[in-house]
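Biologist: I'm new to this one and would like a close look at a single part of it. Could you pick up one strand, follow the chain onward from there, and then tell me how that part sits in the whole?

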Amino acid sequence: RGVTTAGAESGVDVVVGRVPDVAGSGESAEQSGKNWADRLKASGREGIIVVTSELSESQVDAFARVGLPLVVIDPLNTPRVEVTSVGATNWSGGMVATEHLLAWGHRRIAFAGGPATAACSQARMHGYRAALEQAELAADPRLIMSGAFGYPDGLRMGERLLTLDDRPTAVFAASDATALGVVEAARRAGLRVPEDLSVVGFDDTVLATLATPALTVVRQPLPDMGRVALRTLLRLIAGETLDSHHVELATNLIVRDSTGPTGA
């Protein structure tokens, strides 16, 4: 929405599509990237914004070859440092989420993360670990898990965490969908949220407010990230030099009903 709103304000058309699935194309990653770039260039595109995806070196090379400026939003990886990206303060978001749980008295706090290779998830985990260290608590490796950003993996991680003998009393999940999977795992285990288990999500998508209980989350300024990405892309198209290849917008904690004191 942020991208399309900024596009309308700037008088440019935004065409939405999907990143090609290399696995299902029968092409090599290099050929798929070349064909993708050629199709976009031939259809008159002037630049490309890629959202929450993993780009290969060959795809980045293909965009450069055909002269298509590129901006990535919250990338799962950064193929090279000169790729322009827009993200959020993931590290500080992870720290604030964990500090919130610590303030409620929780000491057994788990992290249900995204893919181990995702830079944003790693930053959120490091913020989580920093908050524990500041509280003079050692991070228990059994409480740190990774999976896809989604409900099924959140459910799987939640089930594993809640079957531990010394289970956590709180979970910081690296996405809203992951957090909802953890909430469902708690329900299946006969635990109440937040009375028996506090849960914090990350993103503040519509899922967070529709959930029961409504999720406490670290809010990413998603529309603003889209607007910044579109405006940055227009500067690249115009041949301007950017002051920085990476921009991070501030996150903030939104407290709702899924967190509370330990043993409440």
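Modeller: Sure, let's begin with Asp 203, which is found in strand S7. Keep in mind that we're looking at a predicted model. Asp 203 isn't a glycine, yet its phi is positive, at about 135°. Is this residue buried or exposed? Asp 203 counts as buried, because its relative accessibility is 15% and the cut-off for buried is under 20%.

Step along to Asp 204 and you've moved into the loop between S7 and H8. Asp 204 also has a positive phi, about 70° here, and again the residue is not a glycine. With a relative accessible area of 16%, Asp 204 is buried.

Now for what S7 does with its neighbour. S7 covers residues 198-203, and it pairs with strand S8, residues 216-219, in the parallel sense. The pairing of S7 and S8 runs over four bridges. If you want one of the links to look for, find Phe 202: its bridge partner in S8 is Val 218.

Val 218 is a handy residue to stay on, since it leads us across to another strand. In S10, the bridge partner of Val 218 is Leu 253. So which way do S8 and S10 run relative to each other, parallel or antiparallel? They pair in the antiparallel sense, over three bridges, with S10 made up of residues 252-254. That puts S8 in a parallel pairing with S7 and an antiparallel one with S10. As a rule of thumb while you look at strands, side chains in a regular strand alternate between the two faces of the sheet.

Next, the loops around here, where two prolines are worth a click. Pro 194 lies in the loop between helix H7, residues 176-188, and S7. The peptide bond leading into it from Val 193 is cis, with omega near 10°. The other proline is Pro 213, found in the loop between helix H8, residues 206-210, and S8. Here too the peptide bond, this time from Thr 212 to Pro 213, is cis, and omega is near -5°.

For a spot elsewhere in the chain, try Ala 130, whose place is in helix H5, residues 119-134. Leaving aside neighbours within four places in sequence, Ala 130 is in contact with Trp 91 and Met 95. Met 95 is 35 residues away from Ala 130 along the chain, but the C-alpha atoms of the two are separated by 6.5 Å.

Now zoom out. The chain has nine helices and 10 strands. Its C-alpha trace spans about 60 × 40 × 35 Å along the principal axes. The radius of gyration is 20 Å, which agrees with a compact globule, because one of 264 residues would come out near 18 Å. Of those 264 residues, 49% count as buried.

What about links between distant parts of the sequence? Take the contacts between residues at least 6 apart in sequence: 71% of them join residues at least 24 apart. On the outside, the chain exposes about 12,500 Å², and carbon and sulfur atoms supply 53% of that. Finally, the charges: there are 24 positive and 31 negative side chains, and the centres of the two sets lie 3 Å apart.

Notes
Residues numbered from 1 in each chain as written. Predicted model: local features only at pLDDT ≥ 70, side-chain atom pairs only at ≥ 80, totals over all residues. Heavy atoms only, no water. Pairing = 2+ DSSP bridges. Rg over C-alpha atoms; globule rule 2.2 N^0.38 Å. Buried < 20%, exposed > 50% of the residue type's maximum accessible area, 1.4 Å probe, protein only. Contact = heavy atoms within 4.5 Å. Areas by Shrake-Rupley, 256 points an atom, 1.4 Å probe, with all protein chains shown as cover. Lys, Arg positive; Asp, Glu negative; His and termini not counted. Charge placed at Lys NZ, Arg CZ, Asp CG, Glu CD.
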